[in-house]
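User: I should like to learn how to read empty space, surface patches and charged contacts in a protein model. Could we go through them one feature at a time?

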Amino acid sequence: MNRKINDSASDDYTMLEAIEEAKRCLHCKNPLCKKGCPISNDMPDWIRELSMGNLGNAMAIINAKSNLPAVCGRVCAHERQCEGNCILNKKNAHIHIGKLERFVADFDSAMNLTRENLVRRPVAEWQSSAAVPPALRSLVNFHARASMWRFSKWSLRPAVC
């Protein structure tokens, strides 16, 4: 499959280009790219999976830390964070982590691969409403995954064990 996943963006990778870019990663013992990431995303791990063609495993690793990888791949300041800290940046040849993340997320979405296996929790009326902004829905999803919060129709408060 050498066609572009998202034809509207001219700078997206083909499958072959993405795998070749991922193979350039050195898989550092002490990855500086991970230290530069605000959410400590496991870049070396999912890039290794991508370099072997395991896009499902790569997406699973990304999803462990990020609820919106396609958005992060587009709006995150990679040049100052992960890409800026990449050891290859000293030679001005850093891994294009943002483009790779966007490629994996777009491929996953285009092929309809990811199915969440989360424990179903009761959803409050306001959470399922179309009027709830995506950012709030993402926040609720993130905290529900971590089981750190209890949600009621009227409040968000830390869970008490």
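**Reading cavities, patches and salt bridges**

Analyst: We begin with enclosed space. In this predicted model, a search of the whole structure finds one cavity of 30 Å³ or more.

User: How is such empty space located in general, and what is the volume of the largest cavity here?

Analyst: Rolling a probe the size of a water molecule over the atoms shows where empty space is left. Here the largest cavity has a volume of about 120 Å³. It is lined by 15 residues, of which C25, C28, C33, C86 and I95 are the closest to its centre.

User: Which elements give two or more residues to the lining?

Analyst: They are α2 (32-36) and α3 (43-51). The largest share, three residues, comes from α3. As for chemical character, the lining divides into 14 nonpolar residues, one polar and no charged.

User: Which residues form a nonpolar patch on the surface?

Analyst: L26, L32 and I87 form such a patch, and together they have about 230 Å² of accessible area. Membership requires over 30% relative accessible area. L32, which lies in helix α2, has 33% and is partly exposed.

User: How should the overall fold be read, and how many helices and strands does the protein chain have?

Analyst: The protein chain has nine helices and two strands. Along the sequence the pattern is α-α-α-α-α-α-α-α-α-β-β. Of its 161 residues, 37% count as buried.

User: How many salt bridges does a search of the whole structure find?

Analyst: The search finds five. One of them joins R102 and D12, with the closest N and O atoms 3.0 Å apart. R102 lies in helix α7 (residues 97-110) and D12 in the segment before α1 (15-23), so the pair ties together parts that are 90 residues apart in sequence. Both R102 and D12 are buried.

User: What does the accessibility of each partner add for the salt bridge between E21 and R24?

Analyst: Accessibility should be read for each partner separately. The side chains of E21 and R24 meet at 2.7 Å, N to O. With a relative accessible area of 9%, E21 is buried, whereas R24, at 31%, counts as partly exposed.

User: Where do D42 and K34 stand, buried or partly exposed?

Analyst: D42 forms a salt bridge with K34, and their closest N and O atoms are 2.6 Å apart. D42 is buried because its relative accessible area, 16%, is under 20%. K34, with 29%, is partly exposed.

Note on methods. Residues numbered from 1 in each chain as written. Predicted model: local features only at pLDDT ≥ 70, side-chain atom pairs only at ≥ 80, totals over all residues. Heavy atoms only, no water. 1 Å grid on protein atoms, 1.4 Å probe; cavity = no way out; pocket = protein on both sides within 12 Å on 5 of 7 lines; lining within 4 Å. Points joined across faces, edges and corners; volume = space filled by probe spheres on them. Helix = DSSP H or I, 4+ residues; strand = E, 2+ residues; numbered from the N terminus. Nonpolar A, V, L, I, M, F, W, Y, C, P; charged D, E, K, R; others polar. Patch = residues over 30% accessible without salt bridge, like charges linked within 9 Å, V, L, I, M, F, W, Y side chains within 5 Å. Areas by Shrake-Rupley, 256 points an atom, 1.4 Å probe, with all protein chains shown as cover. Salt bridge = Lys/Arg side-chain N within 4 Å of Asp/Glu carboxyl O. Buried < 20%, exposed > 50% of the residue type's maximum accessible area, 1.4 Å probe, protein only.
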